[in-house]
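The following exercises concern one chain and are to be worked with its coordinates at hand. Each task is followed by a stepwise solution.

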Amino acid sequence: MHIEHGEVTIEIIDNIILVRSVGAFNEYGAKKYTEGIKAAINGLSSKKFSILTNNLKFLGATPEAYQVLEAYNLWLNTQNLIAKAMVITSSTTLDVINMFSPSRSLQQNENFDNEAEALAWLKSLNF
């Protein structure tokens with residue numbers, strides 16, 4: 001039996017996938033996270049979309065979880081992704097995410113300290 005660490009909620013607002021991460025993630029929690037987002041993307045029937053990730057309550061991840069995240073981002077780069085907005089206030093956590101997920105650099109990314117500004121930015125991209 002695999003125990004998932006880390007919690008995720010996913011909702012879709014128009015073509016924006018809103019993801020909220022809570023806690024520290026292991027590889028099983030990361031798989032649940034990425035599989036949930038993939039299901040949301042598949043539910044959009046090949047439409048263009050953006051992702052807003054709220055990481056204000058994200059506490060980190062194991063190296064194995066970051067491997068899952070990097071594989072997910074490589075896959076995401078083959079989808080109809082317009083942009084990703086991340087709500088995050090820890091520059092250290094952001095540095096770790098960027099270090100372990102280099103494929104994110106191929107995505108249109110912006111970081112924010114609150115969800116409202118992140119959502120406004122994604123909506124301003126007019127997709």
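**Exercise 1. Locate valine 96 and classify its exposure.**

Step 1. Valine 96 has its place in helix α3, where helices (H or I, at least four residues) and strands (E, at least two) are DSSP runs numbered from the N terminus.

Step 2. The model is a predicted one, in which local features need pLDDT of at least 70, side-chain atom pairs count only at pLDDT 80 or more, and totals for chains, interfaces and linings use all residues. Residue numbers start from 1 along each chain as its sequence is written, and side-chain values use heavy atoms, with hydrogens and water left out.

Step 3. The classes of relative accessible area are buried (under 20%), exposed (over 50%) and partly exposed in between, with a 1.4 Å probe and protein chains only. Valine 96 has a relative accessible area of 28%, so it is partly exposed.

Step 4. Between valine 96 and tyrosine 66, which lie 30 residues apart along the chain, the C-alpha separation is 9.2 Å.

**Exercise 2. Describe the overall architecture and dimensions of the chain.**

Step 1. The chain contains 4 helices and 5 strands. Their order along the sequence is β-β-α-β-α-β-α-β-α.

Step 2. The radius of gyration, taken over C-alpha atoms, is compared with a globule rule of 2.2 Å times the number of residues to the power 0.38. The chain has a value of 14 Å, close to the 14 Å that the rule gives for 127 residues, so it is as compact as a globular protein of that length.

Step 3. The C-alpha trace spans about 40 × 30 × 25 Å along its principal axes, and 42% of the 127 residues count as buried.

Step 4. A contact means heavy atoms within 4.5 Å. Of the contacts between residues at least 6 apart in sequence, 74% join residues at least 24 apart.

**Exercise 3. Identify the nonpolar cores and place isoleucine 51 in this picture.**

Step 1. In soluble globular proteins, nonpolar side chains tend to be buried together. A nonpolar core is here a set of buried Ala, Val, Leu, Ile, Met, Phe, Trp, Tyr and Cys residues joined through side-chain atoms within 4.5 Å.

Step 2. The largest such core has 24 residues, and those with the most contacts inside it are Ile17, Val19, Tyr33, Ile37, Phe49, Ile51 and Leu76. Two or more residues each come from β2, α1, β3, α2, β4 and α3 (91-100). Helix α2 gives the largest share, 6 residues.

Step 3. A second, separate core of 10 residues includes Leu52, Ala83, Phe112 and Trp121.

Step 4. Isoleucine 51 belongs to strand β3 and counts as buried, at 0% relative accessibility. Beyond residues up to four places away in sequence, its contacts include Ile17, Val19, Ile37, Tyr72, Leu76 and Leu122. The C-alpha atoms of isoleucine 51 and asparagine 15 are 8.5 Å apart, across 36 residues of sequence.

**Exercise 4. Characterise the largest cavity.**

Step 1. A cavity is a set of points on a 1 Å grid over the protein atoms alone where a 1.4 Å probe fits but cannot get out, and lining residues have an atom within 4 Å of a point. Grid points are joined across faces, edges and corners, and the volume is the space filled by probe spheres set on the points.

Step 2. The structure holds 1 cavity of 30 Å³ or more. The largest cavity has a volume of about 230 Å³. Its lining comprises 18 residues, of which Ser21, Tyr33, Asn55, Phe58 and Leu69 are the closest to its centre.

Step 3. At least two lining residues are supplied by each of β2 (16-25), α1 (27-43), β3 (49-61), α2 (63-76) and β4 (81-87).

Step 4. The lining divides into 12 nonpolar, 4 polar and 2 charged residues. In this count Ala, Val, Leu, Ile, Met, Phe, Trp, Tyr, Cys and Pro are nonpolar, Asp, Glu, Lys and Arg are charged, and the others, Gly among them, are polar.

**Exercise 5. Examine two loop residues with positive phi, then valine 87.**

Step 1. Aspartate 14 is in the loop between β1 (7-13) and β2. Its phi is near 55°, a positive value in a residue other than glycine, and aspartate 14 is exposed, with a relative accessible area of 62%.

Step 2. Serine 45 is in the loop between α1 and β3. Phi of serine 45 is also positive, near 55°, and the residue is exposed at 55% relative accessible area.

Step 3. Valine 87 lies in strand β4 and is buried, with a relative accessible area of 0%. Leaving aside neighbours within four places in sequence, the contacts of valine 87 include Leu52, Asn55, Phe112 and Ala118.

Methods
On a 1 Å grid over the protein atoms alone, a cavity is a set of points where a 1.4 Å probe fits but cannot get out, and a pocket is an open set with protein on both sides within 12 Å along at least five of seven lines; lining residues have an atom within 4 Å of a point.
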